[in-house]
Amino acid sequence: DWGIRLVSITHALICMSSMPGFFWSDSELREDIYASQPAHSRTTVNLEHVYAISCGYFLYDFIISIYFWWGAAFLAHAIASLGVTYFGLYPFMLYYGTYFLGVFEISTVPLHLRFMMLQSGLQGTPVLKVVEALFLLSFSVVRPLYGSYMSSQFIMELWALYEGGKAHSLIVFGFCFTANAVLMSLQVFWWVKILMALAGFETSEVNTVAADETSADHKQAEKVKST
């Protein structure tokens, strides 16, 4: 379990290295969804390399989601993310990748650190409370809140390209429309579960992805024991 979480944290840190591409973005990438990263890019990280690494990571995520069977939500997340990162290698939507891969992953680090701290017997410690607060704040702001705005911008741009006859592939566009809806629905679903936990409708502790994540841990432990 720690191995899986450390891999996820490593992937998150790699993706987060692309965040300057969102906050100090290149005009070429903002204005043209098909643009390659310019040679004079403000971002020192190669964004296509980040897409390639993420594509490999989500293939791994897809495999272990099935092996440990973490449930339909995690499998849908893996499939949607794998497809989007694969199609992004065109190059395609590099600017949006700096947000949905870069900024999005901010919440991943405290998510996994929290569970690792709990497994280390650090329940109730001030450090754990800080990590939980960082997760709640980062997840809420970055994913369902501002993420919904970025998602709408992405969809509107795809639709404008489609209507203008500039869609390079109807299959890719159709997949991206669907994947965007699935991924953002999952963010909102998990966010609601977190808020319900805080309100006392579910378990009282801050639950990251709430019961889904806990259930996945239990299933993984049982799978490991049986091998």
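**Aromatic pairs, helices and confidence in a predicted model**

The count of aromatic pairs comes to 26 when ring centres within 6.5 Å are taken as paired. One of these is the pair of Tyr99 and Phe104, which is edge-to-face, with 5.8 Å centre to centre and 65° between the planes. The structure is a predicted model, and its protein chain averages a pLDDT of 90, with 89% of the residues scoring at least 70.

**Aromatic contacts**

- Tyr99 and Phe104 are both buried, and both belong to one aromatic cluster, whose other members include Phe22, Phe23, Trp24, Tyr95 and Tyr96.
- The same cluster also takes in Phe100, Tyr146, Tyr149 and Phe154.
- Tyr99 and Phe104 pair edge-to-face, and a further edge-to-face pair is formed by Trp159 and Phe177, at 6.3 Å centre to centre and with 70° between the planes.
- Because Trp159 lies in helix α8 (residues 126–163) and Phe177 in helix α9 (residues 170–198), this pair ties together parts that are 18 residues apart in sequence.
- Trp159 counts as partly exposed, at 44% relative accessibility, and Phe177 is also partly exposed, with a relative accessible area of 23%.

**A charge over a ring**

- The charged end of Arg114 sits over the ring of Phe115, at 5.1 Å from the centre of that ring.

**Ser54 in helix α4**

- Ser54 is placed in helix α4, which covers residues 47–67, and Ser54 is buried because its relative accessible area is 0%, where buried means under 20%.
- When neighbours within four places in sequence are left aside, Ser54 is in contact with His11, Cys15, Thr85 and Leu101.

**Helix α5**

- Helix α5 (residues 72–87) has 16 residues, which at 1.5 Å a residue should span 22 Å, and this agrees with its end C-alpha atoms, which are 22 Å apart.
- The buried residues of α5 are Phe74, Leu75, His77, Ala78, Ala80, Ser81, Gly83, Val84 and Thr85.
- An α-helix has 3.6 residues a turn, so residues three or four places apart point the same way.
- Thr85, one of the buried residues of α5, is also among the contacts of Ser54.

**Confidence along the chain**

- The protein chain averages a pLDDT of 90, but over residues 204–208 the pLDDT is below 50.
- Beyond near neighbours in sequence, the stretch of residues 204–208 has 16 contacts in the model.

Definitions and conventions:
Residues are numbered from 1 along each chain as its sequence is written. This is a predicted model: local features need pLDDT of at least 70, side-chain atom pairs count only at pLDDT 80 or more; totals for chains, interfaces and linings use all residues. Side-chain values use heavy atoms; hydrogens and water are left out. Rings of Phe, Tyr and Trp (its six-membered ring) pair if their centres lie within 6.5 Å; planes under 30 degrees apart count as stacked, over 60 as edge-to-face and the rest as tilted. Buried means under 20% relative accessible area, exposed over 50%, partly exposed in between (1.4 Å probe, protein chains only). Helices (H or I, at least four residues) and strands (E, at least two) are DSSP runs, numbered from the N terminus. A charge sits over a ring if NZ of Lys or CZ of Arg is within 6 Å of the ring centre and within 35 degrees of the ring normal. pLDDT is the predictor's confidence in each residue, from 0 to 100. Contact means heavy atoms within 4.5 Å. The expected span of a helix is 1.5 Å times one less than its number of residues.
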